[in-house]
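These exercises invite a careful reading of the structure shown below. Each one sets a task and then works through the solution step by step.

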Amino acid sequence: MYTVYHNPRCKKSRAGLQYVKEKGLDHQVREYLKEPLTVEELGKLLMKLHMKPMDLIRTQEAYYKKELKGLNLNDEEWTREMVENPKLIRRPIVEGKYKAVVGDPVENIDNL
């Protein structure tokens, strides 16, 4: 069972979810804007992604540009920013039991 962290308003996220469906993967969808991640959940997800928090930040978001750009935050602070402002999280993320990938481009999902 895979979990797709999804924002239905995002074109890339919709494409990733469609790709999962076309591949016939058993999955559940978590709309992380409606059901935000906790600090602990995001930490586990980052471990499965093999990414640092800053690598998962959407730097094109208006909030990032206005409030965060140029700040020298540590990993814990970046994680907290993403939990408090989930629009900052790159999408879609597809999580398996031991590994996760950012599904942009959608072919990354094949790495699961």
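Axes here are lines fitted to C-alpha atoms, for helices over the stretch in contact, and angles run from 0 to 180 degrees between N-to-C directions. Contact means heavy atoms within 4.5 Å, while helices (H or I, at least four residues) and strands (E, at least two) are DSSP runs, numbered from the N terminus. The model is a predicted one, in which local features need pLDDT of at least 70 and side-chain atom pairs count only at pLDDT 80 or more, whereas totals for chains, interfaces and linings use all residues. Residues are numbered from 1 along each chain as its sequence is written, and side-chain values use heavy atoms, with hydrogens and water left out.

**Exercise 1. The sheet and its helices**

Task: Work out in what order the four strands of the open sheet lie, and across which strands helix α2 lies.

Solution: Begin with pairing, where two strands pair if DSSP finds at least two bridges between them. On that basis the four strands form an open sheet in the order β2-β1-β3-β4, and the pairing is mixed. At the edges stand β2 and β4 (100-102), each of which pairs on one side only, and the twist from one strand to the next averages 20°.

Next, look at β1 (residues 2-6) and β2 (residues 27-31), which run parallel and are joined by five bridges. Within this pair, Y2 stands opposite H27, and the bridge partner of T3 in β2 is Q28. Together with helix α1 (residues 11-22), β1 and β2 make a right-handed β-α-β unit; right-handed means that, with the strands pointing away from the viewer, the path from the first strand over the helix to the second runs clockwise.

Finally, add helix α2, which lies across β1, β2, β3 and β4 and runs at about 85° to β4.

**Exercise 2. The surroundings of E95**

Task: Decide whether E95 is buried or exposed, and find which residue forms a salt bridge with E95.

Solution: First locate E95, which is placed in strand β3 (residues 93-95). Then apply the accessibility cut-offs, by which buried means under 20% relative accessible area, exposed over 50%, and partly exposed in between (1.4 Å probe, protein chains only). Because its relative accessibility is 14%, E95 counts as buried.

The next step is to list the contacts of E95, which, leaving aside neighbours within four places in sequence, are M1, Y2, T3, Y5, L45, K48 and A100. Among them, Y5 offers its side chain for a polar contact with the side chain of E95, at 2.7 Å. (A polar contact is a pair of N or O atoms within 3.5 Å; within protein, one must be able to donate a hydrogen and the other to accept it, and residues adjacent in sequence count only if both atoms are side-chain atoms.)

A salt bridge is a side-chain nitrogen of Lys or Arg within 4 Å of a carboxyl oxygen of Asp or Glu. E95 forms one with K48, and their closest N and O atoms are 3.0 Å apart. This pair links distant parts of the chain, for K48 is in helix α2 (residues 39-49) and the two residues are 47 residues apart. Both E95 and K48 are buried.

**Exercise 3. Two further salt bridges**

Task: Find where E61 and R91 lie, and then where E76 and R80 lie.

Solution: Start from the total, since the structure holds eleven salt bridges. In one of them, the side chains of E61 and R91 meet at 3.9 Å, N to O. E61 lies in the loop between α2 and α3 (62-68) and R91 in the loop between α4 (75-84) and β3, so the pair ties together parts that are 30 residues apart in sequence. E61 is buried because its relative accessible area is 16%, and R91 is buried because its own value is 10%.

Turn now to E76 and R80, which also form a salt bridge, their closest N and O atoms being 3.7 Å apart. Both lie in helix α4, four residues apart, about one turn of the helix. E76 counts as exposed because its relative accessibility is 57%, whereas R80, at 36%, counts as partly exposed.

**Exercise 4. Backbone details**

Task: Identify which residues the cis peptide bond with omega of about -10° joins, and where H50 is placed.

Solution: The cis peptide bond with that omega joins R91 and P92, and P92 lies in the loop between α4 and β3. The peptide bond from D104 to P105 is cis as well, with omega near 10°. As for H50, its place is in the loop between α2 and α3, and its phi is near 55°, a positive value in a residue other than glycine.
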